[in-house]
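Colleague: Please choose one part of this model and examine it closely for a first-year student. I should like to learn what that part is, what surrounds it and what its neighbours are like.

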Amino acid sequence: MYSALRLQRKLKRDEARIVVVDPEPYMTYQPFLPEAAAGSISPRHVVVPLRRVLDRCQVVIGEAKSIDHAKRTATISTLASAEEGTGSVELHYDELVLAPGSVSRTLPIPGLADYGIGFKTVEEAIGLRNHVLEQLDIASSTRDPDVRDAALTFVFVGGGYAGVEALAELEDMARYASRYYHNISADDMKWILVEATGRILPEVGADMGKYAVRELRSRNIDVRLETRLESCEDRVAVLSDGSRYPTRTLVWTAGVKPHPVLAATDLPLNGRGRLACTPALRVDGADHAWAAGDAAAVPDLAADEPGKECAPNAQHAVRQAKVLAENIIASLRGEPVKDYEHSYAGSVASLGLHKGVAQVYGRKIKGYPAWFMHRTYHLSRVPTFNRKARVLAEWTLAGLFKREIVSLGSLENPRGEFELAAGTGRHNETT
């Protein structure tokens, strides 16, 4: 989206036609997913509608199944393909930009595919929020102690940004919500973070990572370092240290992998399945092909050690997208392209409302200042003034009024009520 946005601004109308292909009609600002899950931000404000922002581009809602760069064609499956029965369509191009990002990296752990919950899309974030609140309702209304214990046990696997921030925000929300239940207290809930390595949040440095562990443990969150999930069959999380936790909530945030579409191209990949790129963001050895973000293995020219690649994070991706667009324009106009180089500025992470950690330009910050810096930074980075204003307004209102703790789980099956009425002849409320 960022590349297309710059291209439509800088290119003349008769100079090129820009086609954007994406399975969803919006771009998700993923750093705001934890706050959306906690109810601090409305889900519609963490996404940016492509058709509104890219008004000079042709937006195709579909999925690229394969790319034959030698023939300059991409095979696209659109929403209409199944309805028409015509199969996929071929889209011809002159210049290719591949920025599909990454997908959740799962492991062949028994039960994970059946009971695991991801945390990479806005739908997953809101679904998880509804799910957590529903577990409180189950625990409040059951007389079975085993059902209650499983409902109030929440296991998160993965100690990176997604796992830590999601757990911290949801624990904050659930702790607040528990005051409205006559038979549930915050101490009744078990929150468990499982991390295979010896530290969490490696991006903020070792010292701030240790502080984050202490902060989470002070809230009775069980942080298990150097521990792996062995199984989650029958809704029982079995850890490598031998502990077993019956749970109805297992959130998997243990890493990402390159998008599968990369393997369906004839472009060169590195050993980890990412596109091998030059510092100018060209796909190495392939003319007229460009890449950025998680899908691209770009040499980090600002790193001290030779051969290091840019980390697959938003800090690099957004900046790469802009350089990529400038290089495409330069290439079309016969001008020299420039290399991408960005010195790592630091990282910020939220640990819940008014709590956070940060390491910026070598300075270590924690507590409220780090949380405020986290919000300020991401507010400045979320695309469009429209979204900035809406998010800021929601934060302001959230500071003036109480949290919303309503579960809208029925949104995941909106026809359920109608199907019940059509099948039984009566409405739920009349039984």
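Modeller: The account below begins with one helix and then follows its neighbours outwards.

This is a predicted model, in which local features need pLDDT of at least 70 and side-chain atom pairs count only at pLDDT 80 or more, whereas totals for chains, interfaces and linings use all residues. Residues are numbered from 1 along each chain as its sequence is written, and side-chain values use heavy atoms, with hydrogens and water left out.

The part chosen is helix H11, which comprises residues 368–381. Helices (H or I, at least four residues) and strands (E, at least two) are DSSP runs, numbered from the N terminus. H11 has 14 residues, and 20 Å separate its first C-alpha from its last, close to the 20 Å expected at 1.5 Å a residue. The expected span is 1.5 Å times one less than the number of residues in the helix.

Six names should be located along H11: Ala370, Trp371, His374, Arg375, His378 and Leu379 are buried. Buried means under 20% relative accessible area, exposed over 50%, and partly exposed in between (1.4 Å probe, protein chains only). These buried residues of H11 lie on the same side of the helix, because they cover an arc of only 170° around its axis. The arc is that of the directions from the helix axis to the C-beta atoms. In general, an α-helix has 3.6 residues a turn, so residues three or four places apart point the same way.

The cover over the buried residues of H11 includes helices H2 (33–38), H8 (161–177) and H12 (385–400). Strands E21 (346–350), E22 (356–360) and E23 (363–366) also belong to this cover. Contact here means heavy atoms within 4.5 Å.

Of these neighbours, H8 is itself mostly covered, with 14 of its 17 residues buried. H8 reaches 24 Å between its end C-alpha atoms, close to the 24 Å expected.

Another helix, H10, has buried residues that pack against H11, as well as against helix H1 (2–10), strand E7 (96–98), strand E19 (289–291) and E21. The 19 residues of H10 should span 27 Å, and its end C-alpha atoms are 27 Å apart, which agrees. His316 and Gln320 are among the buried residues of H10.

His316 and Gln320 also lead to Cys310, which is in contact with both of them. Cys310 lies in the loop between strand E20 (296–297) and helix H10 (314–332). With a relative accessible area of 3%, Cys310 is buried.

H11 also takes part in a pocket. Together with helix H6 (122–141) and H12, H11 gives two or more residues to the lining of the second largest pocket. On a 1 Å grid over the protein atoms alone, a pocket is an open set of points with protein on both sides within 12 Å along at least five of seven lines, and a cavity is a set where a 1.4 Å probe fits but cannot get out; lining residues have an atom within 4 Å of a point.

H12 gives the most to this lining, with seven residues. The pocket is lined by 33 residues, and those nearest its centre are Gly39, Ser40, Ile41, Ser42 and Glu404. The lining divides into 16 nonpolar, eight polar and nine charged residues. Here Ala, Val, Leu, Ile, Met, Phe, Trp, Tyr, Cys and Pro count as nonpolar, Asp, Glu, Lys and Arg as charged, and the others, Gly among them, as polar.
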